[in-house]
Amino acid sequence: HWQGGDKTPELSDDQRLTQGLIHGAGEFCRSINAQRAVIGISGGIDSALAACVYRQALGPENVYLISMPSHFNSETTKSLAQGMAEGLGLPFATMPINDGCQQLYEEFAGYPFTDAAGKQLAVPLSGPVKENIMARERCRILAVAAAGLGGIFTCNGNKSELSVGYATFYGDLAGAFAAQADLWKYQVYQAAACFQQQFPDAPLDKIAAIRPSAELSAAQDVNKGLGDPLTYDYHDYLLRYWVDNSADPADNLRAYRDGFLARQIGCNEDLVWHLFPDAAAFVADIERWWKQYRGIGVAKRLQAPPLLALSRHPFG
């Protein structure tokens with residue numbers, strides 16, 4: 001548009017994306033009369049982007065960041081979480097979750113159930129169950145803080161996670177609004193890079209250099225290069241192909257057989273051969289994520305918070 005005779009610089013695609021996030025988050029909060037937001041800041045890229053978006057949408061005095069580490073969280077990500085608060089000038093708190101989780105573990109360590117014959121029944125808490133407990137403990141803290149401050153807490157999930165249900169019911173799936181849930185992971189990185197220019201003191205570039213991880217077990221140790229089961233450089237594009245084209249794995253299996261899978265979904269061609277040493281590994285991966293996408297992922301998408309639609313094929 002023209003202003004005072006000079007043409008204002010046209011926004012890049014990434015700038016339009018960040019402006020859309022800010023505008024959408026702000027409009028939603030205003031529509032429900034929410035003036036404050038509480039964000040669980042993990043030292044990962046999704047929560048870092050959320051902090052930037054809500055800071056600009058609501059103002060720095062109205063956005064509160066809480067780091068909720070367990071003994072699995074690295075000093076690296078804990079430091080980056082605090083660095084985001086300092087770089088954005090936002091109120092920050094650290095509230096470890098170990099004690100709250102341990103209390104629940106102990107309550108289930110006995111035999112909480114008794115059957116009709118009077119036999120006591122145990123509830124085994126496997127590793128994945130404990131991971132879910134940790135995610136829900138974080139949700140409990142965020143909900144208390146949001147209620148006490150008279151605001152909302154956010155859902156920081158992205159579209160890749162929402163596609164396959166890589167989120168915990170009533171844990172990191174919860175929140176009043178999911179501003180980023182229509183962004184594939186690569187778009188999260190693009191938006192974060194744009195905000196890095198605006199907030200040079202925020203360690204967004206350092207966060208982007210770390211493999212994404214929930215840090216809920218030793219198998220997700222970022223210091224060892226471990227993390228999420230999704231390889232976003234590949235799975236982003238596979239999942240996007242399914243969503244945007246109402247496709248099924250048969251299309252991908254044919255494309256893999258004929259040597260044009262990477263061109264079909266839009267990922268780096270060398271990545272396919274690097275990730276899967278043979279056809280059996282490729283098929284097993286396809287089956288795993290298709291079952292998630294058409295299985296538990298459906299139930300989780302139906303219970304997800306309202307999201308900001310930015311694509312032609314948003315969920316919900």
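Contact here means heavy atoms within 4.5 Å. Keep that cut-off handy for the exercises below.

Ground rules: this is a predicted model, where local features need pLDDT of at least 70, side-chain atom pairs count only at pLDDT 80 or more, and totals for chains, interfaces and linings use all residues. Residues are numbered from 1 along each chain as its sequence is written, and side-chain values use heavy atoms, with hydrogens and water left out.

**Exercise 1. Work out the overall build of the protein chain.**

Step 1: start with contacts between residues at least 6 apart in sequence; 72% of these join residues at least 24 apart.

Step 2: compare the radius of gyration (taken over C-alpha atoms) with the globule rule, 2.2 Å times the number of residues to the power 0.38. For 316 residues a compact globule would come out near 20 Å, and the protein chain's 21 Å agrees with that.

Step 3: box it in. Along the principal axes, the C-alpha atoms fill roughly 85 × 55 × 35 Å.

Step 4: check the surface, using Shrake-Rupley areas with a 1.4 Å probe, where only the protein chains shown count as cover for residues. About 15,700 Å² is exposed, with carbon and sulfur atoms supplying 52% of it. Buried residues (under 20% relative accessible area; exposed is over 50%, partly exposed in between; 1.4 Å probe, protein chains only) make up 47% of the 316.

**Exercise 2. Describe helix α1 and what follows it.**

Step 1: get the inventory. Helices (H or I, at least four residues) and strands (E, at least two) are DSSP runs numbered from the N terminus, and the protein chain has 14 helices and eight strands.

Step 2: test the length. The expected span is 1.5 Å times one less than the number of residues. Helix α1 (residues 13-31) has 19 residues and reaches 27 Å from first to last C-alpha, close to the expected 27 Å.

Step 3: find the buried side. An α-helix has 3.6 residues a turn, so residues three or four places apart point the same way. The buried residues of α1 include L17, L21, F28 and C29, and their cover includes α2 (45-58), β8 (152-153) and α7.

Step 4: step off the end. Just after α1, N33 takes a positive phi of about 60°. N33 sits in the loop between α1 and β3 (37-40) and is exposed, at 69% relative accessible area.

**Exercise 3. Track down the aromatic pairs and the charges over rings.**

Step 1: set the criteria. Rings of Phe, Tyr and Trp (its six-membered ring) pair if their centres lie within 6.5 Å; planes under 30 degrees apart are stacked, over 60 edge-to-face, the rest tilted. The whole structure yields 11 aromatic pairs.

Step 2: take one stacked pair, Y186 and Y237, at 5.1 Å centre to centre with 10° between the planes. This pair links distant parts of the chain, with Y186 in α7 (residues 185-198) and Y237 in α9 (residues 232-245), 51 residues apart.

Step 3: check exposure. Y186 is partly exposed at 21%, whereas Y237 counts as buried at 17%.

Step 4: look for a cluster. Ring pairs link Y234, Y256, W273, F276 and F282.

Step 5: add charges. A charge sits over a ring if NZ of Lys or CZ of Arg is within 6 Å of the ring centre and within 35 degrees of the ring normal. F315 has K159 over its face at 5.7 Å from the ring centre, and R301 lies over the face of F315 at 4.7 Å.
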